[in-house]
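Subject: Structure for you to look at

Hello,

I am passing on the structure we talked about, with my notes on its aromatic contacts underneath. Please read them with the model open.

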Amino acid sequence: MNIPTEPAAMTAVELASAYAAGILSPVEATETILEAIAARDGDLNAYCLVDSDRALVQAKDSEARWHSGHARGLLDGVPISIKDIFLTEGWPTRRGSTSIDPAGPWLVDSPVAARLREDGMVFLGKTTTPEIAWKAVTDSPLTGITRNPADPATTAGGSSGGSAAAVAGGMGPVSVGTDGGGSIRIPAAFCGIVGFKPTHGRIPLYPASPFGPLAHAGPMTRTVEDTALLMDILSLPDPRDPTALAPTVTTFRSQMQRDVRGLTVGYSPTLGYATVDAEVAAIVDAAVRLLEEAGLRVIAADPGFGDPREAFELLWAAGAATMLSRFPDGTRDRVDPGLRTVWEHGETVSAVEYLDARNVAAEVGITMGAFHTAHDVLITPTMPITAFEAGHDVPPGSDMHGWPEWTPFTYPFNLTQQPAVSIPAGTTRAGMPVGLQIIGPRHSDDLVLAVARYAEGVLV
């Protein structure tokens with residue numbers, strides 16, 4: 001295989017293949033990526049922690065395994081970053097908050113960190129997040145503003161914006177984020193990478209998220225193939241999550257290859273209620289036309305539900321209030337002002353209101369279940385806009401008050417717990433990435449990735 005000038009430009013699959021062929025070592029790859037972080041992250045602020053010493057020790061251990069012919073896992077020696085929401089043994093997990101003591105002790109791996117460690121991956125560090133991952137841009141009182149590699153004047157999105165900026169900026173081929181309302185897909189679309197939110201429970205979580213059934217974890221990568229391999233690692237069982245799904249009976253990397261030509265795609269450019277920037281709409285329309293020409297059967301179709309934002313915001317606020325109520329005294333005075341407002345809203349939510357909102361989520365799920373009896377997948381824009389000026393919670397000059405107002409395509413599918421992926425659809429005249437979202441029925445993670453892989457091949 002031909003190695004790009006920089007191993008930092010290689011995908012995870014390319015790196016593992018180069019290790020197996022003996023033409024690149026995990027130490028060389030890790031050193032190059034650490035150099036890229038040192039050179040680029042001052043402008044982007046994707047990382048809140050970089051542990052070069054630990055990464056190089058892990059890389060040397062991986063190198064020895066490859067030399068002995070006994071690689072530990074699928075991506076042994078491939079560098080990865082981890083969003084600073086997941087517990088990671090030996091590193092503080094501060095969640096973007098000044099109220100969490102970095103002294104620890106930090107003795108436990110989350111299921112995500114444990115599976116990556118067992119596979120032999122090299123841990124580069126932790127990526128930035130807004131405080132408790134509460135919003136769709138990435139800035140916090142603890143770590144400041146994270147910026148978009150496509151244009152550092154703009155936001156990387158959020159709440160997994162640090163992970164997206166790291167991957168898009170050549171500071172690690174892959175990362176793992178969380179998604180409670182779009183937090184993987186939003187920054188993936190803004191930064192021009194692949195971001196996958198699998199079916200709820202497909203990737204085990206521990207501790208249990210206060211956002212409950214809204215909470216997902218998932219890969220953030222440059223290719224669908226890398227996403228599939230990471231899913232084969234991350235979806236392995238963990239006894240600490242009682243809501244986790246049963247192990248899969250096949251692999252995502254094998255199912256990703258299947259022929260999807262002839263499948264029926266429902267294409268909804270607005271979900272029936274969203275307002276979309278004209279240039280974004282034109283780019284997504286053009287991408288869908290190419291998919292139709294390539295063999296997918298595209299039918300214009302809205303799913304049939306109204307905007308469930310009110311129910312989503314109530315569930316989100318209740319989860320935030322639950323988490324923050326456990327934080328130390330004085331936290332209320334230190335948190336992000338927008339989060340304080342959400343916290344105060346959550347404290348007013350009654351059990352009846354919470355269950356009413358859960359019933360709205362169920363109704364949207366039932367509607368989507370009926371939709372998928374006639375449509376194998378649904379395609380929408382991932383975002384109705386491109387990345388806006390960094391340092392703002394909503395687009396400057398708009399009359400919006402909260403981030404769900406500008407993310408109408410993502411949070412409905414946290415309510416329904418469906419798998420959804422954002423892949424690059426193109427760029428605007430100004431060079432800003434636009435994402436295309438593919439949604440499948442619950443438990444159809446393999447189908448969503450297969451369609452995404454096919455679409456990726458058509459659109460690249």
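Arg54 places its charged end over the ring of Trp91, 4.9 Å from the ring centre. Please keep in mind that this is a predicted model.

A second arginine is placed over a ring as well: Arg332 lies over the face of Trp343, at 4.1 Å from the centre of that ring.

On ring-to-ring contacts, searching the whole structure gives twelve aromatic pairs. One of them joins Trp91 to Phe123 in a tilted arrangement, with 6.1 Å between centres and 50 degrees between the planes. This pair links distant parts of the chain, 32 residues apart: Trp91 is in the loop between strand S2 (79-83) and helix H4 (111-119), while Phe123 is in strand S3 (residues 122-127). Trp91 has 2% relative accessibility and therefore counts as buried. Phe123, at 0%, is buried too.

Another pair is Phe388 with Trp406, which is edge-to-face: the centres are 4.9 Å apart and the planes are at 90 degrees. Both residues are in the loop between strand S13 (377-381) and helix H14 (412-415), so the contact ties together parts that are 18 residues apart in sequence. Phe388 counts as buried because its relative accessibility is 8%, below the 20% cut-off. Trp406 is buried as well, with a relative accessible area of 1%.

Finally, there is an aromatic cluster made up of Phe211, Phe312, Trp316, Trp403 and Tyr411.

Regards

Technical notes. Residues are numbered from 1 along each chain as its sequence is written. This is a predicted model: local features need pLDDT of at least 70, side-chain atom pairs count only at pLDDT 80 or more; totals for chains, interfaces and linings use all residues. Side-chain values use heavy atoms; hydrogens and water are left out. Rings of Phe, Tyr and Trp (its six-membered ring) pair if their centres lie within 6.5 Å; planes under 30 degrees apart count as stacked, over 60 as edge-to-face and the rest as tilted. Helices (H or I, at least four residues) and strands (E, at least two) are DSSP runs, numbered from the N terminus. Buried means under 20% relative accessible area, exposed over 50%, partly exposed in between (1.4 Å probe, protein chains only). A charge sits over a ring if NZ of Lys or CZ of Arg is within 6 Å of the ring centre and within 35 degrees of the ring normal.
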